[in-house]
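Please look through the structure shown here before reading on. The points after it are meant for someone who has not seen this chain before.

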Amino acid sequence: MTQLNLPPYEIRVQEKGGRQQIFDFLRRRYVALTPEEWVRQHFVHFLVEHKGYPKGLLANEVELRTGEKKLRCDTLLYNKALAPQMIIEYKAPGIEITQRVFNQITVYNMLLHVDYLIVSNGLQHYCCRMDYEHHRYQFLRDIPDYQEL
């Protein structure tokens, strides 16, 4: 897999049915090892181990519904009252972060109304803080530590 712009962690990989799987410590099970999953696992470990995010407030592959349509957020961070606080969208390292990616995460946010949006392909990471009062957003220089949220 591609070397990412994220700190290494102790990766657990297995092969099952001729396919590689990676351990998702949030879902507590092995999942298919795709390039996007490679980014997700590195990123959530980065948040927990380096940015102080509580593991118990993060969730991967969260289903959202709008009418009959089902959507799936890559990762959600909940606040202590268990309301969504941050949406994180991942792309494979070879996928460029474009306006289309931000449009995708914006659709999720129309349903969740969170404080922070993050998009990462493992090489580039973008984080913005929402300002609903002034109908704008501000890109941040870095992913904030949990205590800064």
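The notes below go from the whole chain to its cores and then to single residues.

1. Status and fold order. The model is a predicted one, so every value below is computed from predicted coordinates. The chain contains two helices and nine strands. Read from the N terminus, these elements follow the order β-β-β-α-β-β-β-α-β-β-β.

2. Overall dimensions. How does the radius of gyration of the chain compare with that of a compact globule? For 149 residues a compact globule would be near 15 Å, and the chain has 15 Å, so the two agree. The C-alpha trace spans about 50 × 35 × 35 Å along its principal axes.

3. Burial, surface and contacts. Of the 149 residues, 44% count as buried. The accessible surface is about 8,800 Å², and carbon and sulfur atoms hold 47% of that surface. Among contacts with a separation of 6 or more, 47% are between residues 24 or more positions apart.

4. The largest nonpolar core. In soluble globular proteins, nonpolar side chains tend to be buried together. The largest nonpolar core here has 27 residues, and the members that touch the most others are Phe43, Leu47, Tyr53 and Ile143. At least two residues each come from strand S2 (19–24), helix H1 (35–51), strand S6 (84–90) and strand S7 (116–120). Helix H1 gives the largest share, six residues. A separate core of 18 residues lies apart from this one, and its members include Leu64, Val101, Val114 and Val119.

5. Isoleucine 143. Which residues does isoleucine 143 touch, not counting those up to four places away in sequence? They are Phe43, Phe46, Leu47, Lys51, Tyr53, Ile118, His125 and Cys127. Two of the residues in that list, Phe43 and Leu47, are also named with Ile143 among the core members that touch the most others.

6. Glutamate 37. This residue is in helix H1. Is glutamate 37 buried or exposed? Its relative accessibility is 6%, and because buried means under 20%, glutamate 37 counts as buried. Its side chain has polar contacts with two arginine side chains: arginine 27 at 3.2 Å and arginine 40 at 3.0 Å. Setting aside neighbours within four places in sequence, glutamate 37 is in contact with Ile22, Asp24, Arg27, Val31 and Ala32. Arg27 thus appears both in that contact list and as a polar partner.

7. Glycine 52. The loop between H1 and strand S4 (58–66) holds glycine 52. With a relative accessible area of 47%, glycine 52 is partly exposed; the cut-off for exposed is over 50%. Beyond residues up to four places away in sequence, glycine 52 touches Leu47 and Tyr146. Proline 144 is 92 residues away along the chain, yet its C-alpha atom is separated from that of glycine 52 by 9.6 Å.

8. Proline 84. This proline is in strand S6. Its relative accessible area of 26% makes proline 84 partly exposed. Not counting residues up to four places away in sequence, proline 84 touches Leu77, Tyr78, Leu112 and Val114. The last of these, Val114, is a member of the core of 18 residues. Isoleucine 97 is 13 residues from proline 84 along the chain, and their C-alpha atoms are separated by 23 Å.

9. Asparagine 121. The loop between S7 and strand S8 (125–131) contains asparagine 121. Its relative accessible area is 3%, so asparagine 121 is buried. Where do polar atoms of its side chain find backbone partners? One lies 2.9 Å from the backbone nitrogen of leucine 123, and the backbone nitrogen of glutamine 124 is 2.8 Å from a polar atom of this side chain. Farther along the sequence than four places, asparagine 121 touches Leu4, Val39, Lys91, Ala92, Pro93, Ile95 and Ile97.

10. The S8–S9 hairpin. S8 and strand S9 (residues 136–140) run antiparallel and are joined by five bridges. Within this pairing, cysteine 128 stands opposite phenylalanine 139 in S9. Four residues separate the two strands of the hairpin, and histidine 135 in the turn has a positive phi of about 55°.

How values were computed:
Residues numbered from 1 in each chain as written. Predicted model: local features only at pLDDT ≥ 70, side-chain atom pairs only at ≥ 80, totals over all residues. Heavy atoms only, no water. Core = buried A, V, L, I, M, F, W, Y, C linked by side-chain atoms within 4.5 Å. Buried < 20%, exposed > 50% of the residue type's maximum accessible area, 1.4 Å probe, protein only. Contact = heavy atoms within 4.5 Å. Polar contact = N/O pair within 3.5 Å; in protein donor to acceptor, adjacent residues only side chain to side chain. Rg over C-alpha atoms; globule rule 2.2 N^0.38 Å. Areas by Shrake-Rupley, 256 points an atom, 1.4 Å probe, with all protein chains shown as cover. Pairing = 2+ DSSP bridges.
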